[in-house]
Structure formats: C-alpha cells, structure tokens
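This briefing is intended for a reader who wishes to go through the structure shown below by topic. Its points are grouped under short headings.

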Amino acid sequence: MMIITKTLDAKGLACPMPIIRTKKAIDTINSGEVLEVLVTDKGALNDFKAWAAAGGHSIVEQKEEAGVLYFYIQKA
Amino acid sequence: MSVNKWTAADVARYVIENKQLFILDVRNKDAFEDWKIEGHQFQYLNIPYFDLLDGVEEILEQIPTDYDVLVVCAKEGSSIMVAEMLAEAGRHVAYLAGGMKAWSMYLEPIKVGNLNGGGELYQFVRLGKGCLSYMVISEGEAAIIDAVRFTEVFTKFAEEKGVKIKHVFDTHLHADHISGGRHIANETGATYYLPPKDAEEVVFDYTPLTDQLTVKIGSSEIEVGALYSPGHTIGSTSFVVDGKYLLTGDILFIDSIGRPDLAGLAEDWVGDLRETLYRRYRELANHLVVLPAHFMIIDELNEDGTVARRLGDLFVENHGLNVLDEEVFRKMVTDGLPPQPNAYQEIRQVNMGKITPTNDEQTEMEIGPNRCAVR
C-alpha cells in the first residue's frame with residue numbers, strides 16, 4: 001500500500017499553474033515520499049510526465065476518475 | 001518592457017509574407033517535435049515552461065534581440081508566464097493568444113484566381129493543420145469543397161461576398177480533420193454531397209457524389225465536375241472547376257501523393273491509387289492547376305500563400321508520379337508509412353455522424369499535423 005505524504009488539489013487550474021503548484025509542493029516533502037496531485041487540465045498528462053522525468057522524480061501511479069487526473073509522484 | 005499579444009492571424013502574415021520570426025516554444029519536447037508553427041524563415045528554440053520556473057536568465061543568450069520573438073505554448077497560459085519573465089528581463093517579446101490550439105484552428109482565405117464571367121475561386125488555408133478548403137463563387141451562388149469544421153468562417157465569407165451557398169462537397173470521408181460540410185449544408189439549405197463508396201456507414205442523409213456529376217454555379221458557364229479518383233479512400237473523387245482547376249482532394253498533393261491506408265485497406269487500394277495517378281490523371285489537360293486538400297510542408301506554399309501547381313509540372317516534379325515500376329510503387333505506399341494522424345479512427349467516426357464530441361474534444365482530436373501523404 002502506497003503511503004501518500006501530501007495531497008495537492010490543482011483541480012480547475014489551467015496550465016502552467018498545476019506544475020507550478022506541484023513544484024512548490026514537492027519542495028516540501030522528502031526524497032522517497034509520495035505527492036498526490038489532482039488535476040482537471042488534460043494538457044497536464046504529458047507535461048507531468050516530462051516534468052517528472054526532467055527532475056528525476058517518478059510517477060509511480062496515475063489514473064483518471066470522473067474527469068480528474070490523479071498523479072502519484074515519488075520525489076527523487 | 002511590455003508583452004505583446006499576437007493572434008494566429010498575425011502569425012499567418014509572417015508565414016505568408018516570408019518574414020523572419022524567432023519562436024520560443026515552451027511546450028514539452030515531444031509535442032514540439034511532433035508539430036510546430038512552420039514558416040519559411042522561422043527559427044526555433046524549444047524549452048519546456050517547467051524548466052523555466054526558476055527564471056529565464058539561462059536562456060537569455062539564446063534569444064535574439066534583432067528579431068521579433070514570439071513565445072508559444074499549447075493554449076497560452078505558460079507562454080504568457082514565460083513572456084512576462086522575459087519582459088522583466090528587459091526583452092521585448094510577444095505571446096500567441098490561444099497558443100497552438102488557436103493556430104490549429106486559424107483559416108486564411110486567399111484568392112486563387114478568376115473564373116469565367118466574373119467568378120472567383122478561393123482557397124482557405126489552414127496553416128496550422130495543413131488543410132485546404134475551397135469556395136467557388138459565381139453570380140450570387142457558391143459551392144464549397146472540403147470545408148473544415150469552422151462553419152462560420154465559410155458562412156460569413158459567403159455573406160460578405162453576397163452569395164448563397166448552394167452545393168457543399170467532400171471529396172472523401174476525411175480521417176485527419178473533422179468536416180464542416182454537412183453542418184454548413186444544414187445551416188444554409190445547400191445540398192451536401194459525399195462519395196457513396198465512402199459513405200456506407202454514415203448515419204445522415206446525403207446526396208451521392210458520383211463520377212461525372214456536374215453542377216453549375218450561378219446561371220453562367222462555371223461548372224464543377226466530378227471525376228472518380230479512388231486510392232486514398234475507395235470513394236475519393238476529384239473536381240474539375242471551370243476547365244481550369246483540378247481539385248485533387250487527398251489523392252495528389254504538390255510534393256507527395258495520398259496514402260491508401262487510413263481506412264485500414266492499404267493493400268486493397270494501392271491498385272486504385274496507381275490507376276488514378278498513372279492513368280486517369282494522365283488523360284487530363286496539363287494546364288489544369290492542381291489544388292489539393294492538404295499541404296504537408298511549408299515549401300509547398302507559393303509566394304502568395306496559395307497551394308497550387310500546374311498538373312503538367314507535377315508530372316515532372318512530383319516523385320510520387322514518377323515511380324515507373326508498379327512493385328516499387330506498391331512498396332512505397334504500403335511499407336514504412338509515416339505515423340497515422342492523431343485520433344484518425346475517431347475522426348472518421350465523427351465524419352460518419354456516429355459520434356458527436358464536444359467542441360473541446362474535437363479540438364483535441366485535431367491536434368497535430370495531418371499526415372495524409374506518402375512522400
């Protein structure tokens with residue numbers, strides 16, 4: 001079972017805000033901990049992958065439920 | 001420094017007038033490599049916006065001060081952010097309102113030429129997607145061929161010209177973009193034509209577009225005549241307009257030819273494609289000016305922004321018309337094809353009337369280049 005250290009609700013926010021908020025949130029957790037992010041902007045799908053890869057973070061799980069994208073990002 | 005806001009129409013002027021422009025594209029690398037704003041004299045720098053959250057100092061050196069600089073992203077939010085950061089750093093830059101989404105949707109109407117008795121032919125160039133639509137105008141009447149889904153562009157244009165839209169044609173069932181044809185026909189009371197062989201699964205009424213069908217635009221002599229020319233799809237049909245122009249749909253482009261695989265039947269249709277390009281078209285007059293439904297690369301644009309070339313010239317210059325060996329031709333159009341257009345199967349379903357996505361969903365489906373050709 002994955003332990004979620006922190007949850008960021010970025011629903012309703014348009015690009016670039018979801019990534020900006022996510023970057024700030026990831027700065028507040030420790031390496032190896034998991035951040036949960038909720039987003040409704042569909043453009044986020046590719047941006048989160050590319051952003052995480054660039055920073056060395058891993059997206060350990062992602063899903064879509066009722067129009068909301070959930071990302072689980074483990075900090076590098 | 002302040003940030004300027006450019007519309008897609010502003011960018012289109014730079015493309016058509018051959019101007020220099022420096023584009024800072026802040027989408028992620030995959031999106032940029034897949035599809036970008038093409039211009040004859042454009043330079044590019046692609047840095048994803050999320051790499052610039054801590055500041056733009058590191059890229060300032062790479063951004064020229066003697067060119068116009070335009071920041072571009074998918075919708076516009078990130079480009080505004082980056083443009084403002086650059087402005088704070090003392091740079092004079094602009095962003096593209098609506099981003100690539102707006103670019104994908106923008107249509108530029110350009111007059112191709114005059115027809116008999118005061119008639120006119122217009123090409124609607126969708127620069128961001130490479131789609132070309134046409135309007136034939138004569139004596140208060142109009143025919144539209146291969147309209148894209150922004151129906152109001154065509155209905156408004158007809159209104160400005162004081163003409164009534166009487167006939168709306170699709171040369172084939174499109175797989176790369178959503179047709180506006182039947183919607184324009186519904187709004188205006190015009191007749192909507194589709195080749196019956198492409199329309200077996202459609203769920204709406206249409207008038208069959210059959211070989212040799214001819215309609216007159218206005219009361220004078222301007223004829224739009226159909227020529228069955230299968231190969232891209234089994235129903236693909238070309239038009240000869242006023243004995244001067246050959247509208248080839250997705251069968252023949254300026255620098256490439258149509259691909260036969262988007263309905264899943266490349267092997268079956270390659271023979272038809274060969275027959276159309278190497279026999280049917282050969283019987284036509286060399287002086288006809290070819291007007292395709294797409295362009296793939298910016299080099300296919302003429303100096304005035306139109307996409308048009310004499311058929312006789314294409315017989316000499318277009319590689320796809322000069323593969324003498326049938327087996328080589330067969331291999332070329334069935335093996336190693338480029339990736340298929342984004343969401344092409346869903347787009348076909350929309351064009352058959354089977355699904356009706358929201359406007360936003362339609363925009364998403366049409367993102368990216370058209371990829372209807374084999375080069």
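D146(B) lies in the loop that runs between β9 and α6 of chain B. In this predicted model, D146(B) is not a glycine, yet its phi is positive, at about 55°. D146(B) has 27 C-beta neighbours inside 10 Å and therefore counts as buried, the threshold being 20 or more.

**Helix α6 of chain B**

- Helix α6 of chain B spans residues 151-161, and its buried residues are T151(B), V153(B), F154(B) and A158(B).
- These buried residues lie on the same side of α6(B), because the arc they cover around the axis is only 170°.
- The other side of α6(B) carries the exposed residues E152(B), K156(B), E159(B) and E160(B).
- The packing partners of the buried residues of α6(B) are the strands β7 (119-126), β8 (131-138), β9 (141-145) and β10 (164-169), together with helix α7 (181-188), in chain B.
- G162(B), just after α6(B), adopts a positive phi of about 70°.

**Helix α1 of chain B**

- In helix α1 of chain B (residues 8-16), the buried residues are A8(B), V11(B), A12(B), Y14(B), V15(B) and I16(B).
- The buried residues of α1(B) pack against the strands β1 (3-6), β2 (20-25), β4 (69-72), β5 (93-96) and β6 (108-115), and against helix α5 (99-105), of chain B.
- N18(B) follows α1(B) and has a positive phi, near 65°.

**Helix α11 of chain B**

- Helix α11 of chain B covers residues 344-351, where Y344(B), I347(B), R348(B), V350(B) and N351(B) are buried.
- The arc covered by these residues around the axis is only 160°, so they are on the same side of α11(B).
- Helix α12 (359-365) of chain B is packed against by the buried residues of α11(B).
- After α11(B) comes G353(B), with a positive phi near 85°.

**Contact between helices α8 and α10 of chain B**

- Helix α8 (residues 266-280) and helix α10 (residues 326-334) of chain B have axes that come within 10 Å and cross at roughly 125°.
- The two helices, α8(B) and α10(B), are therefore oblique to each other.
- The crossing in which α8(B) passes α10(B) is right-handed.
- On the α8(B) side, the contact is made by A266(B), E267(B), V270(B), L273(B) and R274(B), which meet E326(B), F329(B), R330(B), V333(B) and T334(B) of α10(B).
- By class, the residues in the contact of α8(B) with α10(B) are five nonpolar, four charged and one polar.

**Contact between chains A and B**

- In the contact between the chains, 13 residues of chain A touch 15 residues of chain B.
- Helices α1 (17-26) and α2 (44-55) of chain A each provide at least two residues of the side of chain A that touches chain B.
- α2(A) gives five residues, the largest share of the side of chain A that touches chain B.
- Eight nonpolar, three charged and two polar residues make up the side of chain A that touches chain B.

**A cis peptide bond in chain A**

- The peptide bond that leads from C15(A) to P16(A) is cis, and its omega is near 10°.
- P16(A) is located in the loop between β1 (4-10) and α1 of chain A.

**Exposed loop residues of chain B**

- Q212(B), in the loop between β12 (207-208) and β13 (214-217) of chain B, has a positive phi of about 75° although it is not a glycine.
- Q212(B) is exposed, because 8 other C-beta atoms lie within 10 Å and the limit for an exposed residue is 12 or fewer.
- D54(B) occupies the loop between β3 (41-46) and α3 (57-60) of chain B, and its 8 C-beta neighbours inside 10 Å mean that D54(B) counts as exposed.
- D54(B) and K19(B) are 35 residues apart along the chain, and their C-alpha atoms are separated by 32 Å.
- L324(B) is placed in the loop between α9 (311-317) and α10 of chain B, and with 7 C-beta neighbours inside 10 Å, L324(B) counts as exposed.
- From L324(B) to R371(B) the separation is 47 residues in sequence and 24 Å in space, C-alpha to C-alpha.

Terms used: Residues numbered from 1 in each chain as written. Chains lettered and ligands numbered in written order. Predicted model: local features only at pLDDT ≥ 70, side-chain atom pairs only at ≥ 80, totals over all residues. Axes fitted to C-alpha atoms, helices over the stretch in contact; angles between N-to-C directions. Helix = DSSP H or I, 4+ residues; strand = E, 2+ residues; numbered from the N terminus. Parallel < 35°, antiparallel > 145°, perpendicular 65-115°, else oblique. Left-handed = near helix turned anticlockwise from the far one by under 90°. Contact = placed C-beta atoms within 7 Å. Nonpolar A, V, L, I, M, F, W, Y, C, P; charged D, E, K, R; others polar. Arc of directions from axis to C-beta.
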